[in-house]
Amino acid sequence: MRWLRAMLIPAAILLIVSCGGGDDDGGDATSEATTATTAEATSSGGDGGSSGGGSSVSSGDIDQLIEDLTPPNSNEVARFSAPEGTNVSFESSDSFDDLKGFYDGKLGDIGVNVTGTLTVEGAQTWIFEQDEGASGAVTISPDGDNTLVTVIVGE
């Protein structure tokens with residue numbers, strides 16, 4: 001069940017990201033929802049820019065971005081590729097807190113703009129975009145002694 005949740009949450013985020021989100025004014029937006037599952041979503045407008053529809057990202061760029069976002073001490077457990085992007089799941093022996101620190105630093109180091117974060121049932125997601133049009137999300141979720149990581153990158 002955790003694998004299903006680990007795959008569905010990032011897939012839903014990618015759908016939202018690829019459809020342009022919903023924050024029209026480019027400013028800060030905070031929403032909280034309490035239902036059967038408690039969700040807290042915080043998104044902050046980046047540079048105020050949006051990715052134009054004219055640029056295209058090559059599969060080599062997507063592959064490089066996935067390589068850059070591969071967690072340390074991990075094994076790839078699933079990969080799904082489509083013309084629009086790629087979804088890769090990993091299992092890492094690093095702790096949730098260690099990977100949270102890793103991605104907090106790594107996303108800035110590789111030059112992507114974090115446009116929002118999402119915390120749902122203990123899972124942490126970073127939503128990002130690159131200036132040349134690629135966007136995606138990284139989700140980490142504790143799973144016993146391991147941490148599940150899903151990296152989604154697309155045009």
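Start by selecting Ser-141 and Leu-148: in this predicted model, Leu-148 of β8 is the bridge partner of Ser-141. Now widen the selection to the strands around them. β8 covers residues 146-154, and 9 bridges join this strand to β7 in an antiparallel arrangement. Follow the backbone through the turn of this hairpin, where 2 residues separate the strands and Gly-144 takes a positive phi near 65°.

**Across to β6**

Next, go to the other partner of β7. β6 and β7 also run antiparallel, and 6 bridges join them. To see how they line up, pick Gln-124, which stands opposite Ile-140 in β7. These two strands form a hairpin as well, with 5 residues between them. In that turn, click on Gly-133, which has a positive phi of about 115°.

**Inside β7**

Stay with β7 and colour the strand by accessibility. How many of its 9 residues are buried? The count is 7, so β7 is mostly covered.

Now select Thr-139, which lies in this strand, residues 135-143. Is Thr-139 buried or exposed? With a relative accessible area of 4%, Thr-139 is buried, because the cut-off for that class is under 20%. Show the side chain of Thr-125 too: the side chains of Thr-139 and Thr-125 make a polar contact at 2.7 Å.

**The aromatic stop**

Time to display the rings. The structure holds 2 aromatic pairs. One of them is formed by Phe-102 and Tyr-103, and is edge-to-face, with 4.9 Å centre to centre and 80° between the planes. Switch on the surface here and compare the two partners: Phe-102 is partly exposed at 26% relative accessible area, whereas Tyr-103 is buried at 0%.

Keep Tyr-103 selected and add Trp-126. These two form a tilted pair, 5.7 Å centre to centre and 40° between the planes. Why does this pair tie together separate parts of the chain? Tyr-103 sits in helix α3 (residues 96-109) and Trp-126 in strand β6 (residues 123-129), so the pair links parts that are 23 residues apart in sequence. Trp-126 is buried too, with a relative accessible area of 3%. Select all three rings together and you have one aromatic cluster, made of Phe-102, Tyr-103 and Trp-126.

**Into the core**

From Tyr-103 you can step into the largest nonpolar core, which has 18 residues. Tyr-103 is among those with the most contacts inside this core, along with Leu-69, Phe-128, Val-138, Val-149 and Val-151. Which elements each supply at least two of the core residues? They are α2 (59-69), β4 (85-92), α3, β6, β7 and β8. As general background, nonpolar side chains in soluble globular proteins tend to be buried together.

**Zooming out**

Finally, reset the view and colour by secondary structure. The chain has 3 helices and 8 strands. Trace them from the N terminus and the elements run α-β-β-α-β-β-α-β-β-β-β.

A few totals are handy to keep beside the picture. Of the chain's 155 residues, 34% count as buried. Among contacts between residues at least 6 apart in sequence, 52% join residues at least 24 apart. With a surface drawn over the chain, the exposed area is about 8300 Å², and carbon and sulfur atoms supply 48% of it.

Note on methods. Residues are numbered from 1 along each chain as its sequence is written. This is a predicted model: local features need pLDDT of at least 70, side-chain atom pairs count only at pLDDT 80 or more; totals for chains, interfaces and linings use all residues. Side-chain values use heavy atoms; hydrogens and water are left out. Helices (H or I, at least four residues) and strands (E, at least two) are DSSP runs, numbered from the N terminus. Buried means under 20% relative accessible area, exposed over 50%, partly exposed in between (1.4 Å probe, protein chains only). A polar contact is a pair of N or O atoms within 3.5 Å; within protein, one must be able to donate a hydrogen and the other to accept it, and residues adjacent in sequence count only if both atoms are side-chain atoms. Rings of Phe, Tyr and Trp (its six-membered ring) pair if their centres lie within 6.5 Å; planes under 30 degrees apart count as stacked, over 60 as edge-to-face and the rest as tilted. Two strands pair if DSSP finds at least two bridges between them. A nonpolar core is a set of buried Ala, Val, Leu, Ile, Met, Phe, Trp, Tyr and Cys residues joined through side-chain atoms within 4.5 Å. Contact means heavy atoms within 4.5 Å. Accessible areas come from the Shrake-Rupley method with a 1.4 Å probe; for residues, only the protein chains shown count as cover.
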